[in-house]
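Thanks for coming, everyone. I have one structure for today, and I'll keep it brisk. Please have a look at it before I start talking.

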Amino acid sequence: MASYGTIQRPSTLPNPASFQPPQPPPTSTHSHKNLTHFNLLQYFNIPSSPEAAAIRIVRNMRYFHVYYTVLVWLILFVSLIPRRLLSLILLVVTTAVGCFYLLLLRAVPDSVILHRIIDPRLVVALLGIVTVVELVLTRATIHLLVSLAVGVFIILVHAVLRMGDDLYVTEEAMAVGELLPLMQR
């Protein structure tokens, strides 16, 4: 077979006959840690009081708000697929407009018009209102209400049961009694 001027390099793979699997490094007595001092982290737990549940909800809403929004949007999207194609198209268009606006905010961070004159929270709220109105006008209200009910239920269950994964103890957590010791002495 012709090589057309290419130079073939020797293979860097080892010869299969002389291949030996890598050996584990020798263990020394100083490298072993005593694992009996560590507790397993629990990310989900029932709160100790209603105040602890309220603190968890506020903290998790602040931390997971983007993920919660995407969850509700996905539930609405899936519920619209079988029967409400026009509503689905309008939902996707409204989402695209919102994404382009948020990308524009990131692309031009020093714009006075985008950040000070036009409040981004106002634009996001306006897009939410437009989405609700277009779903009502296209007779997809039941899909909207069911997806909101399911999404809010899932979000509240997650927000109440999800513990913070920060590795330090805050005064707020100490006041409520929501402590998870990482090490026992």
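I'll go from the overall fold to the helices, then to the aromatics and two arginines.

First, a caution. This is a predicted model. Please keep that in mind throughout.

Now the overall picture. The protein chain has 6 helices and 0 strands. Reading from the N terminus, the order is α-α-α-α-α-α. The chain has 185 residues, and 21% of them count as buried. Its accessible surface comes to about 15000 Å². Carbon and sulfur atoms hold 69% of that surface. What share of the contacts with a separation of 6 or more joins residues 24 or more positions apart? The figure is 71%.

Next, the core. The largest nonpolar core has 7 residues. Six of the names are leucines: Leu 76, Leu 80, Leu 88, Leu 91, Leu 135 and Leu 144. Ala 140 completes the set. Helix 1 supplies at least two residues of this core, and so does helix 2, residues 85–107. Stay with Ala 140 for a moment. Leaving out residues up to four places away in sequence, Ala 140 touches Leu 80, Arg 84, Ser 87 and Leu 135.

On to helix 2. Its 23 residues should span 33 Å at 1.5 Å a residue. The end C-alpha atoms are 32 Å apart, which agrees. Which residues of helix 2 are buried? They are Ser 87, Leu 88, Leu 91, Thr 94, Gly 98, Tyr 101 and Leu 105. What do they pack against? The partners are helix 1, helix 3 at 112–117, and helix 4 at 120–137.

Helix 4 gets the same check. It has 18 residues, and the expected span at 1.5 Å a residue is 26 Å. Its end C-alpha atoms are 26 Å apart, in agreement. The buried residues in helix 4 are Val 123, Leu 127, Thr 131, Glu 134 and Leu 135. They cover an arc of only 110 degrees around the axis, so they sit on the same side of helix 4. That buried set packs against helix 1, helix 2 and helix 5. Now turn the helix around. The face away from the buried side of helix 4 carries exposed residues: Arg 121, Leu 122, Leu 126, Ile 129 and Leu 137.

Now the aromatics. The model has 4 aromatic pairs. Why is the pair of Trp 73 and Phe 77 called stacked? The ring centres are 5.0 Å apart and the planes meet at 20 degrees, so the pair is stacked; the cut-off for stacking is under 30 degrees. Trp 73 and Phe 77 are 4 residues apart in helix 1, residues 50–80, which means about one helical turn between them. In general, an α-helix has 3.6 residues a turn, so residues three or four places apart point the same way. Are these two residues buried or exposed? Trp 73 is partly exposed, at a relative accessible area of 27%. Phe 77 is also partly exposed, at 23%. There is a cluster to look at too. Tyr 63, Phe 64, Tyr 67 and Tyr 68 form one aromatic cluster.

Two arginines to finish, both in loops.

Take Arg 162. It lies in the loop between helix 5, residues 141–161, and helix 6, residues 171–176. At 11% relative accessibility, Arg 162 counts as buried, because the cut-off for buried is under 20%. Arg 162 touches Tyr 43, Phe 44, Arg 56, Asn 60 and Phe 64, not counting residues up to four places away in sequence. One of those is Phe 44. Arg 162 and Phe 44 are 118 residues apart in sequence, yet 4.6 Å apart in space, C-alpha to C-alpha.

Now Arg 139. This one sits in the loop between helix 4 and helix 5, just after helix 4. Its phi is positive, about 60 degrees. Why point that out? Most residues other than glycine have a negative phi. Arg 139 is exposed, with a relative accessible area of 67%. Its C-alpha atom is 8.3 Å from that of Ser 87, and the two residues are 52 apart along the chain. Ser 87 should sound familiar: it is one of the buried residues of helix 2.

That's my tour. Questions, please.

Key
Residues are numbered from 1 along each chain as its sequence is written. This is a predicted model: local features need pLDDT of at least 70, side-chain atom pairs count only at pLDDT 80 or more; totals for chains, interfaces and linings use all residues. Side-chain values use heavy atoms; hydrogens and water are left out. Rings of Phe, Tyr and Trp (its six-membered ring) pair if their centres lie within 6.5 Å; planes under 30 degrees apart count as stacked, over 60 as edge-to-face and the rest as tilted. Buried means under 20% relative accessible area, exposed over 50%, partly exposed in between (1.4 Å probe, protein chains only). A nonpolar core is a set of buried Ala, Val, Leu, Ile, Met, Phe, Trp, Tyr and Cys residues joined through side-chain atoms within 4.5 Å. Contact means heavy atoms within 4.5 Å. Accessible areas come from the Shrake-Rupley method with a 1.4 Å probe; for residues, only the protein chains shown count as cover. The expected span of a helix is 1.5 Å times one less than its number of residues. The arc is that of the directions from the helix axis to the C-beta atoms.
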